[in-house]
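Dear colleague,

Here is the structure I promised to pass on to you, followed by some notes on what I found when I went through it. Please read the notes with the structure open beside them.

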Amino acid sequence: GVNARFRSKSEWLSGRGRNTQIEWAGSGRDQNIFSSKDDQHNWGDAINFKSAYDNTNFQFLKSDFFRLNLAGEYNYRKKDFVPFGRTDIVDKERRWNLPSNPISADEEVYQFSGLVAPYRFLILDFDGGKLDQKGNFSSQRMSLGAEISPAGWISLKGGSENIRSQEQLAENSIRDGEWRRNMLTLNNRIKMFSTAFSWEQEKKNYLSSDTADQGNRFDQFGGRVGLELSRLVKTNTEYSYREENGYQEGWTDKSVSRTWHNQFSLEDFRGFLSSDFEFVQRIKKYRHLTDKDSKENLLVAKMDIHPKSQLLNVKFYHSQNQLYSAQRVDNYIEVEEGKGNYRYEDGEYFPDTQGNYIRQSEWVGDAQSSLDLSKSIRVVFSPYKAAGLKDHKSIWSQAARIFSTDTFINLGGLFTAGKGLGFYFLYPLTQLSDQSILSQNVDLRQDLYFLPESRKINFQLRWEKNENLDGLLAGGTRK
């Protein structure tokens, strides 16, 4: 197919604290350029309009009103629009209670928010809006919050949010959803010592005319103690207790979880080193014998080396978590022609929406203890940033000014647990047998930039490689 995209944006200030912007974008995508067929759905538009007002220490209801912030936004996007990059916020699904398998549709969103602080110690905020995916899904949300800080060493913050949604399941079937969230936090800080106590509650239910009512809810209580030994060194420990309930013809107890989280941080040590170490232990017990209790030990380590010269920047990340896994078997079952989503050809199964096989996956054997490992390293080499390089006239100095490199390596997978802590920290420098590797993936990426300082013209070359090994897939059978 052929893609074409256009974008136009205007922004202007209209007085103190006022800002307005409008943006239009369009895209054309023809997937039938080499076919005589034409689905007439090549062009898509998107419009975004924002307006905001923000002012502090001014006269409004009183002579010294601390702060007032108001904002509104409108978005419209055709289903055939292809954006230049990511346009949705990261938590869009949670923000609007979107369905797990959304259907492509024209989308219209209205949003408004505000912060009202008549005094420095009292802040009130609100946030709401409406989302409409034409003919498929709609959602309305509203949240209210308040924060009180009577003294500099203590603050109390609370909030409540309600989301009501409606999803079209079939021609005459509609599912109504409601998601309520409440939270309360008390923070205290005296010199280097800090504490926090919190309560959080969520309740979600769905009502449908042709299926049983469903829902779940939880209450979580937590406490944290922190110690800031210096500007560079910080440590804290946190404990939380969580109860979960499910709804199926009445509310029933599901599980109880206890989590212990410890963290140690070193920030900008001698101007070039930052590191973070975390250990989390989580115990989850189910109320019914049909579910298996679990205990997890999560270890996370991060390190960032960033000298002031910015000549070399290194970031390292490592996490490992204990969990349970088992082998999976894919069974392909033959059905009527056109009612399956796979076809069998030359000894293999291929996806086909008009096929005559469906795939069913099942876990076999007892779950075994395993380790979920994820680690990565990124090295950015920028010789053109070296101090004093511009004063040198040698060939090597001139060559170093025209390029930079970015190297990224990521390794993840599932492994049978049976080695010591340091063994997996050093992996893959340490060796594992093939039987110990349940699954593994390795991603390699190398970027080379030419003329990185130039604003008029620059070049980027990229090489990528991905390797995957899946030892969890035991195989498939045909029926």
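Of the 479 residues in the chain, 30% are buried, and please keep in mind throughout that this is a predicted model. The chain contains three helices and 23 strands, and it exposes about 30,500 Å², of which carbon and sulfur atoms supply 53%. Among the contacts with a separation of 6 or more, 54% are between residues 24 or more positions apart.

The largest nonpolar core is made up of 10 residues, namely Leu371, Leu373, Leu411, Phe415, Phe423, Tyr424, Tyr427, Leu432, Ile437 and Val442. At least two residues of this core come from each of four elements: strand 19 (357–381), strand 20 (403–416), helix 3 (421–426) and strand 21 (437–450). Within this core, Tyr427 may be a useful residue to look at: leaving aside neighbours within four places in sequence, Tyr427 is in contact with Leu373, Leu411, Phe415, Leu432 and Ile437, and also with Lys375 and Gln440. There is also a second, separate core of five residues, which includes Trp96, Leu98, Val109 and Leu131. As general background, nonpolar side chains in soluble globular proteins tend to be buried together.

On the surface, Tyr119, Phe121, Ile148, Leu156, Leu184, Leu186 and Phe197 make a nonpolar patch of about 620 Å². One of these residues, Phe121, sits in the loop between strand 5 (107–119) and strand 6 (122–133), and because its relative accessible area is 41%, Phe121 counts as partly exposed.

Ser155, which belongs to strand 8 (residues 154–170), touches two residues of that patch, as its contacts beyond four places in sequence include Ile148 and Leu186. The other residues in contact with Ser155 on that count are Glu147, Ser149, Thr185 and Asn187. Ser155 has a relative accessible area of 14%, which is under the 20% cut-off, so this residue is classed as buried.

Finally, I looked at Thr252, which is found in strand 13 (residues 251–269). Thr252 has a relative accessibility of 41% and therefore counts as partly exposed. Not counting residues up to four places away in sequence, Thr252 touches Asn245 and Gly246. Thr252 and Asn216 are separated by 36 residues in sequence, while their C-alpha atoms are 9.3 Å apart in space.

With best wishes

How values were computed: Residues numbered from 1 in each chain as written. Predicted model: local features only at pLDDT ≥ 70, side-chain atom pairs only at ≥ 80, totals over all residues. Heavy atoms only, no water. Core = buried A, V, L, I, M, F, W, Y, C linked by side-chain atoms within 4.5 Å. Buried < 20%, exposed > 50% of the residue type's maximum accessible area, 1.4 Å probe, protein only. Contact = heavy atoms within 4.5 Å. Patch = residues over 30% accessible without salt bridge, like charges linked within 9 Å, V, L, I, M, F, W, Y side chains within 5 Å. Areas by Shrake-Rupley, 256 points an atom, 1.4 Å probe, with all protein chains shown as cover. Salt bridge = Lys/Arg side-chain N within 4 Å of Asp/Glu carboxyl O.
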